[in-house]
Amino acid sequence: MRNTRRTLITAIAAIGALTSVAACGGGSDSSASGSGSGKADGTYNFWDPYPQFDASSAWGKLVSKCGSDAGVKVKRTGMDTTDLGNKALLAAQQGNAPDVMLVDNPVVSTMVEAGILNKTSDLGLDTKPIQKNILGAGEIDGASYGVPIGANTLALYYNKKVLTAAHVDPASIKDWASLTAALKKVKAAGKKGITFSAINTEEGSFQFLPWFWGAGGDLTKLNSDKGVAALSLWKQWVGSGYAPKDVLQNTQTTSWQQFATGDYAFAENGTWQLGNAAKAGFDYGVISIPGQNGGSAPVPTGGEFVTVPVQKDTSRYDVSKKIVTCLTNSANLLTTDNTLTYVAPTAAVQAEQVKSNPELKPWVTAVAAARGRTSGGLGTKYPTISQPMWTAVQAALSGSKSPNDALDAAQTAAGKGN
Amino acid sequence: MTTARLDRRSPRSTVKFAATGTVDRTDASPFRRRQRRRSRLTALAFLAPLALYLAAFYVYPLYRNLDLSLRNYTVRSFVAGDAPFSGLDNFRTVLDDPTFGPAMRHTMIFTFVSIVFQYVAGLALAVFFNRHFRLAGTLRALFLIPWLLPLIVSASTWSWMLNSESGVVNYALHLVGVSPVNWLDSPDWALTSVIIANVWIGIPFNLVILYSGLQNIPGELYEAASLDGASAWQQFRRITFPLLRPVSAITLLLGLVYTLKVFDLIWIMTKGGPSDASSTLATWSYQLGFGTLLPKFGPGAAVGNILILIALVFGLLYIRVQRRQES
């Protein structure tokens, strides 16, 4: 008697303590249902990856105004961008996906693969004025599944004071060799070279891509000489002390914080940091990321798309469409993109942005040359390539594998990953 | 602790059981029978909420997880809910994955090293605080801090302190003339770093349980031992340690289960990196299920189930040892 009861208690204790892991393993479908409710009446659910904006922010007000203009009440839920993707899948499984959803562009292909997004052509949304390469990040098999709210990308910020002290002319940086030479001079002058993010998440891949593409690399063949060249460049920087060891830990935010200390000459970071750059307290400049042998490297586009998830009740699309159109009309794009310091997706609004803030000019040029990560027919293959790629970057920079071996392993993993 | 309380309670319930048994045999009138049925219904009513709770929060998630791991889920079939049954394919994928070996090894090292250090430190502190000196209570409370802090705070603080460029640990090493260590950025140190942080977090748990176990050891034993001339070490070896054995066993088992599934600490500090150097089954499971843009629910759930199986094996092992001890 006593034994069996103790057996039972021990078994329950063991199972109970482990159930949280079971939930991690994919069974957690409780969290999404709360925010997706309230379907019946005139309340429209809106999800976005901007938890930093509350209802009183310009963005929050714009969303609710677009709702009231369309004659409905919009319930806005902001959450972390990785959270948003998972919650959206779970909500769609439960049949209560939000009416309008703002998602990060590489997530669009996953959502389309899951079959939960409507085509913009089916909804009758106008995407003609939008720059082709920006729209491309949300296109799968020639069909477009969302309207970009704005775009951002990467470039090199530099600290003018540090460069002057090291006698480096930013205009002299044309290719990888001249950049590395500049880093060497900066280090010799007692300052730190460059900071970037090589973390083992999508952010790490996003930051590595300009160098990978700048060498002429192709995502379907990670272990080509070109890919190895790009990874060797980063490894050389970390190995020679031009870049700090903790780039492996850096998110783009912590990498920015390092640059903001004023000790670093360069930082690879995004359009969205412009607001912080003005507050950094030192003179900075921006140059585009150089390609291996000169010219500007192609950079990946970042930024979110407004999408309309599939609903059982198709009569809701009319209002959803009105909300999307409202959010993406020129006047609203201008305010939104200025708040987020994004580059607008249409030429007309870009011109207005540059007129009011000339600092955006290099960014507009960079965005015009940027590529979607899931473009070029990659779609949902991109995530299965990106994960081995950031793992390879980590392996090479931490010294556990040579760039060559790391990318060979990555290519094998990416090949299997489908 | 659970065992101790159980020991105290079970004799009483056996007595009661025996008593009702005799009543039943002597008096079997219809009235009695009805009353008995009613009391049984009442008992069931009392049991129902617990049973429902267990079913909803333990059995169903486990079933879902098993189901996820036995089907070939893509994002499309996950949403549509028509994933085909694929048997043990997910488990085969996971076992063939080059990450499996290292993840398994890291899980084992992480768990055993953490537990050994936590237990030894916890026991030493418990014996130390059992001496009831002045300020013992305050000091003991201080030792509980790691337990009280939200994990995100302690894990972030650790990763901050262990930062290879600007961390305070490397600064301290520098002061004593040791060259800096790349705690979190080197494949040789990442696992050690998360183990150190985990030991720090786990000590209070061991301390509290072992300390309460010590309270149950009668003081006369020590008095008698010291009259017989036993040294402090002998007292510990011959009295404290053997009498603490049941409490130790449950502490170790609970510690094992808690440590096996540690996820947040590792995820916050290294995300399993650099390049899987500190990934365990728990972080790998999350990585598969939620860590990329294209979730792989099936293999993720399979890894989770393997983890549950491992815990279950150790649970059964514990029961066996317990039985042998009793007989």
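**Contacts and crossings in a predicted two-chain model**

Me: In this predicted model, 14 residues of domain 1 of chain A are in contact with 16 residues of domain 2 of chain A. What makes two residues count as being in contact?

Reply: Their C-beta atoms, placed from the backbone, have to lie within 7 Å. With that cut-off, α5 (105-113) and α17 (361-368) of chain A are the elements giving two or more residues to the side of domain 1 that touches domain 2. α5(A) gives the most, with four residues. By class, that side of domain 1 has eight nonpolar, four polar and two charged residues.

Me: How do you know where domain 1 and domain 2 of chain A run?

Reply: The bounds come from a domain assignment: domain 1 is 39-148 + 302-368, and domain 2 is 154-300 + 376-416. Taken over C-alpha atoms, the centres of the two domains of chain A are 29 Å apart.

Me: Why are α15(A) and α16(A) called oblique to each other?

Reply: Start with the angle: α15 (residues 330-340) and α16 (residues 347-356) of chain A cross at roughly 50 degrees, and their axes come within 10 Å. Roughly parallel needs an angle under 35 degrees, while roughly perpendicular covers 65 to 115. The angle fits neither class, nor the one over 145, so α15(A) and α16(A) are oblique. Their crossing is right-handed.

Me: Which residues of α15(A) and α16(A) meet there?

Reply: On the α15(A) side you've got S330(A), L333(A), L334(A), D337(A) and N338(A), and they meet A348(A), V349(A), E352(A) and Q353(A) of α16(A). Sorted by class, the residues of this contact come out as four nonpolar, three polar and two charged.

Me: And what makes α10(A) roughly perpendicular to α18(A)?

Reply: α10 (residues 202-214) and α18 (residues 381-398) of chain A pack at about 80 degrees, with their axes 9 Å apart. Perpendicular here means 65 to 115 degrees, so α10(A) is roughly perpendicular to α18(A). E202(A), G204(A), S205(A) and F208(A) of α10(A) make the contact with S386(A), M389(A), W390(A) and V393(A) of α18(A). That contact has four nonpolar residues, three polar and one charged.

Me: Over to chain B. Why are α10(B) and α13(B) described as roughly antiparallel?

Reply: α10 (residues 190-215) and α13 (residues 245-260) of chain B pack at about 155 degrees, their axes 10 Å apart. The antiparallel label takes angles over 145, so this pair of helices, α10(B) and α13(B), is roughly antiparallel. α10(B) passes α13(B) in a right-handed crossing.

Me: What is the split of nonpolar, polar and charged residues in the contact of α10(B) with α13(B)?

Reply: Four nonpolar, seven polar and no charged. Glycine counts as polar in this scheme, and the contact residues include G202(B) and G213(B) of α10(B) and G255(B) of α13(B).

Me: Where in chain B is confidence lowest, and where is it highest?

Reply: Helix α1 (residues 2-26) of chain B is lowest, at a mean of 44, and helix α5 (residues 100-129) of chain B is highest, at 94. Over residues 1-24 of chain B the pLDDT is below 50, and this stretch has 13 contacts beyond near neighbours in sequence. Chain B as a whole averages 85, with 91% of the residues scoring at least 70.

Me: Which residues of chain A stay under 50 in pLDDT?

Reply: Residues 19-40 of chain A do, and the model has 63 contacts for them beyond four places in sequence. The mean pLDDT of chain A is 87, with 90% of its residues at 70 or more. For the complex, the predictor gives an ipTM of 0.79 and a pTM of 0.82.

How values were computed
Residues are numbered from 1 along each chain as its sequence is written. Chains are lettered from A and ligands numbered from 1 in the order in which they are written. This is a predicted model: local features need pLDDT of at least 70, side-chain atom pairs count only at pLDDT 80 or more; totals for chains, interfaces and linings use all residues. Axes are lines fitted to C-alpha atoms, for helices over the stretch in contact, and angles run from 0 to 180 degrees between N-to-C directions. A crossing is left-handed if the near helix is turned anticlockwise from the far one by less than a right angle, and right-handed if clockwise. Domain bounds come from an automatic or database domain assignment. pLDDT is the predictor's confidence in each residue, from 0 to 100.
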